[in-house]
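Dear colleague,

Please find below the structure that I am handing over to you. My findings follow it.

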Amino acid sequence: MKKPIDRRSFLKVSGTALGIGVLYKAVPLSFAGETGAMMRSLGKSNGEGVTPFSFIQLSDAHVGFNGPPDPLGTKAFERAVEMINALPEQPDLVLFTGDLTHDTEEKDVHAQRMKQFLEISKGLKVGKIMHVPGEHDAGLDGGAMYRDFLKDTYYSFDHRGVHFIALDNVSRSKPEVGPEQLAWLKKDLAHFPKTAPIIVFTHRPLFDLKPEWEWFTSDGDEVMNVLAPYENVTVLYGHIHRDHEHHEANAQHYAARSLIFAFPDPAQVAQKKPIPFDKDHPFKNLGIRVVSKQGGKAAATSLSVNDVELTLKEYSGINGVQQILKEPSL
Amino acid sequence: MRFSKISEAKYLICLPIAMVLLLALNSSKAATADSPSRVIEITAKRFAFSPNSVTLNKGETVTLRLHSEDVTHGFFSRALKLDEVIEPGQTKDVIITPQTNGSFSTICDHFCGVNHGSMNMTIVVE
């Protein structure tokens, strides 16, 4: 009798909160034996098999924002660029999940902030940087300024067997994706088998995380209904300026921290107010955390998720995040 | 002329009776439990609602009369099933009969400017 295939060890997308954002790895765990055969079969049906790669999510830089609560402006963002560039293995992609800039009524000033954002991100060695807008980028003008610099506010692309979908839930004034984009999403997904690994990146959460703080997308249910037939869906978002995980049957949702200031846990406080700036720990609760500097490790010597997570747990007291895609049911 | 004096007399008698009946019906409608007996004016102006807190009685039907003094605003509370757009220069009446006690944050969910994220008010039901 044939040994059943262990689908749990088939494919995983794992993520580690590096502090500079989140480092994700899309890794087929084995190319050998029956798992390898299934990999090849999946690759054939999906058009391209998943080959290992890593990418980083950054979010909510709010370039142009001046404290309080954060008097350091773009410092955390600049450090994020330095830390990514210092990684021993460069990720393939950086995904930026909105609020690249902080808004202003003065259009020229807002455009200048976008130029500053692009100037800083140009320092990244990573070859491919993809964006979606946040409401601070696109809320005032329906995304006109954003499109001048970065073109489409929603689109999709494929990378090493993973289908990435950028969704815009900020350009319509209300927190929604809207019927036009929903129709586009259905058409876009129609090309893919149900087993295709899909990573959606957007600004607001696509579920009711905290509607009273505008942490929701009013037609998020409709988006998730369109995605429901697909078995491997990961949704990455920003907006809430803190870590968060939300699990559904076919989809896992993860938020990244901000690069400007942090919001508290809505379950612990009544008012939506930023966590006050701590001058002794200026990057606390933001993206910046030292990954591995202690215990004889001079730096993260590899992109080993477990090593980094252990270091974070041991030295910062903050758990890393690990995410495992639901195994495909072939 | 087709109208006789009798017809004119009937008309003169019937009209006041109809008016009285109409008024009586309106009063009766106003007195029912499902009709609002209270109107609460709420004004939206970047980046606050005025007043920033209102108190309703559980089970009481009231009209929230919404205005904007500047740009388009939203008026949203998932818990109270409120999801309105307030256009400047227009009045939006929302009839509500809250059934649950509590303090409910209501936000502007129509992006209205740089401090949009802080535009909210509280509806207390007791």
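**Strand 7 of chain A and its sheet**

In chain A, A:A166 of strand 7 stands opposite A:F201 in strand 8 of chain A. Another such position is A:F164, which stands opposite A:I199 in strand 8 of chain A. Strand 7 (residues 162-166) and strand 8 (residues 197-201) of chain A run parallel and are joined by four bridges. Strands are DSSP runs of E with at least two residues, helices are DSSP runs of H or I with at least four, and both are numbered from the N terminus. Two strands are taken to pair if DSSP finds at least two bridges between them.

Please note that this is a predicted model, in which local features need pLDDT of at least 70 and side-chain atom pairs count only at pLDDT 80 or more, while totals for chains, interfaces and linings use all residues. Residues are numbered from 1 along each chain as its sequence is written, and chains are lettered from A and ligands numbered from 1 in the order in which they are written.

With strand 6 (residues 155-159) of chain A, strand 7 of chain A runs antiparallel, over five bridges. Here A:S156 stands opposite A:I165 in strand 7 of chain A. These two strands of chain A, 6 and 7, form a hairpin with two residues between them, and A:R160 in the turn has a positive phi of about 45°.

Five of the five residues of strand 7 of chain A are buried (20 or more other C-beta atoms within 10 Å of the residue's own, C-beta atoms being placed from the backbone). Both faces are covered: A:V162, A:F164 and A:A166 lie on one side, and A:H163 and A:I165 on the other.

The open sheet has six strands in the order 6-7-8-9-11-10 (chain A), with mixed pairing. Strand 6 and strand 10 (244-247) of chain A each have a single partner strand, so one side of each is left without a neighbour in the sheet. Neighbouring strands are turned by 20° against each other on average, direction ignored.

**A helix pair in chain A**

Helix 6 (residues 179-189) and helix 7 (residues 220-227) of chain A pack at an angle of about 15°, with their axes 10 Å apart. Axes are lines fitted to C-alpha atoms, for helices over the stretch in contact, and angles run from 0 to 180 degrees between N-to-C directions. The two helices of chain A, 6 and 7, are therefore roughly parallel (angles under 35 degrees). The contact (C-beta atoms, placed from the backbone, within 7 Å) is made by A:L182, A:L185, A:K186 and A:L189 of helix 6 and A:E222, A:V223 and A:V226 of helix 7 of chain A.

**Chain B**

Chain B has an open sheet of four strands in the order 2-1-4-7, also with mixed pairing. Its edge strands are strand 2 (48-50) and strand 7 (91-96) of chain B, each of which pairs on one side only. The twist averages 25° from one strand to the next. Strand 1 (residues 38-45) and strand 2 of chain B pair in the antiparallel sense over three bridges, and the bridge partner of B:K45 is B:A48.

Between the chains, 11 residues of chain B are in contact with 13 residues of chain A.

With kind regards

Terms used: Contact = placed C-beta atoms within 7 Å. Parallel < 35°, antiparallel > 145°, perpendicular 65-115°, else oblique. Buried ≥ 20, exposed ≤ 12 C-beta atoms within 10 Å, placed from the backbone.
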